[in-house]
Amino acid sequence: MKIDILTLFPHMFDGFLNESIIKRAINNHKVEIQVHDIRDFSLDKHKKVDDYGFGGGQGMVLMPQPIFDAVEHYKQKNSKIILLTPQGKTYHQKQAYTLAKEEHLIFICGHYEGFDERIRTLAHLEISIGDYVLTGGELPSMVITDSIVRLLDGVITEESHLEDSFYENLLDYPVYTKPVNFRGMKVPEILLSGHHANIKKWRQEEQIKRTTIRRPDLLERDE
Ligand code: ADE
């Protein structure tokens, strides 16, 4: 998979791309991720990419030209173009599974007060990572990239995905490690029994119990 990220703040991605599982996935050629500065596509001699909005209002608006030129530069036949915006469809694990099957993703990170409405016409998908407003699409693009890359073949063991929270719309079961008794809080007997069938059943029951108490909305979700 290849991911191109278009942003005005490329250095925000430095830590994200150079640590832990994402770094390993890049080094092992499971994914190629490139971050591009939208300013490089500005035609202005001062590299200006934004201007005042017509009709008045607060703040600066991203101009269409640099974004159109950048997308047209990186776009291939198989590209899926994603615009990050709080007005997009709310992101869920199901969508991570779907996007993990794509060959090429291009993320457009908006910033400032907003982007020119015509930029929307470039996107196949508009995604929000939740009902709150961030300063830009950079963190959302990292969140989505992270959730996708961990699903790619060979990045983490496949069994771990099957045990993820949200797999089949259920939260994960509780896990314990040593010691068996920590400050009076004991590991459930069943996990020490060595009886795999009973452990499996207990875990499934715990998933349903947890989801019912913490996230009953998930049990009704049909996507
Ligand atoms: N840009 C600003 N806030 C956002 C959000 N919640 N999701 C996606 N992009 C955003």
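Q: In which loop is histidine 29 found?
A: This is a predicted model, in which local features need pLDDT of at least 70, side-chain atom pairs count only at pLDDT 80 or more, and totals for chains, interfaces and linings use all residues. Residues are numbered from 1 along each chain as its sequence is written, and side-chain values use heavy atoms, leaving out hydrogens and water. Helices (H or I, at least four residues) and strands (E, at least two) are DSSP runs, numbered from the N terminus. On that numbering, histidine 29 belongs to the loop between α2 (20-27) and β2 (32-37).

Q: What is the phi of histidine 29?
A: Most residues other than glycine have a negative phi. Histidine 29 is a residue other than glycine with a positive value, near 60°.

Q: Which residues does a cis peptide bond join?
A: Most peptide bonds are trans. In the loop between α6 (158-162) and β9 (181-182) lies proline 179. With omega at about 5°, the cis bond joins lysine 178 and proline 179.

Q: Which element gives the largest share of the shell around the ligand?
A: A residue belongs to the shell if one of its heavy atoms lies within 4 Å of the ligand. Leu84, Thr85, Pro86, Ile127, Ser128, Ile129, Gly130, Tyr132, Val133, Leu134, Gly136 and Pro140 make up this shell. Both β5 (79-90) and β8 (125-128) supply at least two of these residues. The largest share, 3 residues, comes from β5.

Q: How many charged residues does the shell around the ligand have?
A: Ala, Val, Leu, Ile, Met, Phe, Trp, Tyr, Cys and Pro count as nonpolar, Asp, Glu, Lys and Arg as charged, and the others, Gly among them, as polar. The shell divides into 8 nonpolar and 4 polar residues, and its number of charged residues is zero: there are no charged residues.

Q: How much of the ligand's accessible area does the protein cover?
A: Polar contacts (N or O pairs within 3.5 Å) reach a ligand nitrogen: a backbone N or O atom of isoleucine 129 lies at 3.0 Å. Backbone N or O atoms of threonine 85 and of glycine 130 each lie 3.2 Å from a ligand nitrogen. By the Shrake-Rupley method with a 1.4 Å probe, of the 260 Å² that the ligand has on its own, the protein covers 96%.

Q: In which pocket does the ligand sit?
A: On a 1 Å grid over the protein atoms alone, a pocket is an open set of points where a 1.4 Å probe fits, with protein on both sides within 12 Å along at least five of seven lines; lining residues have an atom within 4 Å of a point. A molecule sits in a pocket if more than half of its atoms lie within 2 Å of its grid points. By this test, the ligand sits in the largest pocket.

Q: Which residues are closest to the centre of the largest pocket?
A: The largest pocket holds about 370 Å³ of space. Its lining has 10 nonpolar, 10 polar and 3 charged residues. Of the 23 lining residues, the closest to the centre are Leu84, Thr85, Pro86, Phe115 and Leu134.

Q: Which helix gives the most to the lining of the second largest pocket?
A: About 260 Å³ of space lies in this pocket. Its lining, which includes Lys200, Arg203, Gln204 and Gln207, has 4 nonpolar, 2 polar and 5 charged residues. With 4 residues, the most comes from helix α8 (residues 196-214).

Note on methods. Polar contact = N/O pair within 3.5 Å; in protein donor to acceptor, adjacent residues only side chain to side chain. Points joined across faces, edges and corners; volume = space filled by probe spheres on them.
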